[in-house]
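Trainee: Could we go through this structure together, question by question, with the reasoning set out before each answer?

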Amino acid sequence: VQDKFRIDELYAAVFVRPIKLIGKGIFIFVDRILIDQILVEGTAALTGLFARLARWFQNGDGQGYMAWFAVGVAVLVGFATQPSLSGDLQVKTNGLDVEVDARHGAGTSQRPLEYEFDFDDDGKPEVVGASPEAHHTYARPGSYKLRITVRSPAWGTKRTEVQRIEVR
């Protein structure tokens, strides 16, 4: 009774000390590491990095600016003139017959395109023409590589996609 049955010491050992340790751990992780080191110092380091990069590019050389502008325009024109070929080709197999639709998911093109379908990936296309659809019948079942090339005659650009198909 004189020491209150040591309830205060038991309460401190069971509740107060663990909560203080957890609070100190959260303080060290959240405040010191997350906020101070990552958010504050990390943001400052990232800003300094971008400043060094900008200083390298922003040097007052007008000819250099125009050269980078011309390179950017060339890259944009290159992307814009690439013929569209969807990565989601529609390939239907029925026995040894295979039908391919190269415009599935890509939408319709406003400019005329030329399609080459090489059904056995031997470098010699079996179907060539302006149609994005092709039909081929294999001689025997097996696993084949289908190579589709789309050309834009207006720009002289092309895009090729290879897909593996199983014929049973």
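**Salt bridges, sheet and core**

Mentor: Let us begin with D121, which counts as partly exposed at 22% relative accessibility; please keep in mind throughout that this is a predicted model.

Trainee: Which residue forms a salt bridge with D121, with the closest N and O atoms 2.6 Å apart?

Mentor: D121 lies in the loop between β3 and β4 (127-129), and its partner lies in strand β6, 26 residues apart from it along the chain. That partner also counts as partly exposed, at 30% relative accessibility. A network of salt bridges links D121 with K145 and R147, and the residue whose closest atoms are 2.6 Å from those of D121 is R147.

Trainee: How far apart are the closest N and O atoms in the salt bridge of R151 with E116?

Mentor: This pair, too, links distant parts of the chain, since R151 belongs to strand β6 and E116 to strand β3, 35 residues apart. R151 has a relative accessible area of 28% and is therefore partly exposed. In the salt bridge between R151 and E116, the closest N and O atoms are separated by 3.3 Å.

Trainee: Is K4, which meets D8 in a salt bridge, buried or exposed?

Mentor: The side chains of D8 and K4 meet with an N to O distance of 2.8 Å, and D8 is partly exposed at 44% relative accessibility. The relative accessibility of K4 is 51%, and because the class in question begins over 50%, K4 counts as exposed.

Trainee: Which strands stand at the edges of the open sheet of three strands?

Mentor: The order in this sheet is β1-β2-β5, with antiparallel pairing, and five bridges join β2 to β5. Within that pairing, V100 stands opposite A134 in β5. An edge strand has a single partner strand, so one side of it is left without a neighbour in the sheet, and this applies to β1 (90-94) and β5 (133-137).

Trainee: Which strand gives the most to the largest nonpolar core?

Mentor: This core has 16 residues, and those that touch the most other members are V98, V100, F117, F119, Y138, I148 and I165. At least two core residues come from each of β2 (97-101), β3 (114-118), β6 (142-152) and β7 (157-167). With four residues, the strand that gives the most is β6.

Trainee: In which helix is I33 found?

Mentor: I33 is partly exposed, with a relative accessible area of 33%. It belongs to a nonpolar surface patch, with F29 and L34 among its other members, that has about 1,000 Å² of accessible area together. The helix that holds I33 spans residues 7-57 and is α1.

Methods: Residues are numbered from 1 along each chain as its sequence is written. This is a predicted model: local features need pLDDT of at least 70, side-chain atom pairs count only at pLDDT 80 or more; totals for chains, interfaces and linings use all residues. Side-chain values use heavy atoms; hydrogens and water are left out. Patches are made of residues with over 30% relative accessible area and no salt bridge: like charges are joined within 9 Å, nonpolar side chains (Val, Leu, Ile, Met, Phe, Trp, Tyr) within 5 Å. Accessible areas come from the Shrake-Rupley method with a 1.4 Å probe; for residues, only the protein chains shown count as cover. A salt bridge is a side-chain nitrogen of Lys or Arg within 4 Å of a carboxyl oxygen of Asp or Glu. Buried means under 20% relative accessible area, exposed over 50%, partly exposed in between (1.4 Å probe, protein chains only). A nonpolar core is a set of buried Ala, Val, Leu, Ile, Met, Phe, Trp, Tyr and Cys residues joined through side-chain atoms within 4.5 Å. Two strands pair if DSSP finds at least two bridges between them.
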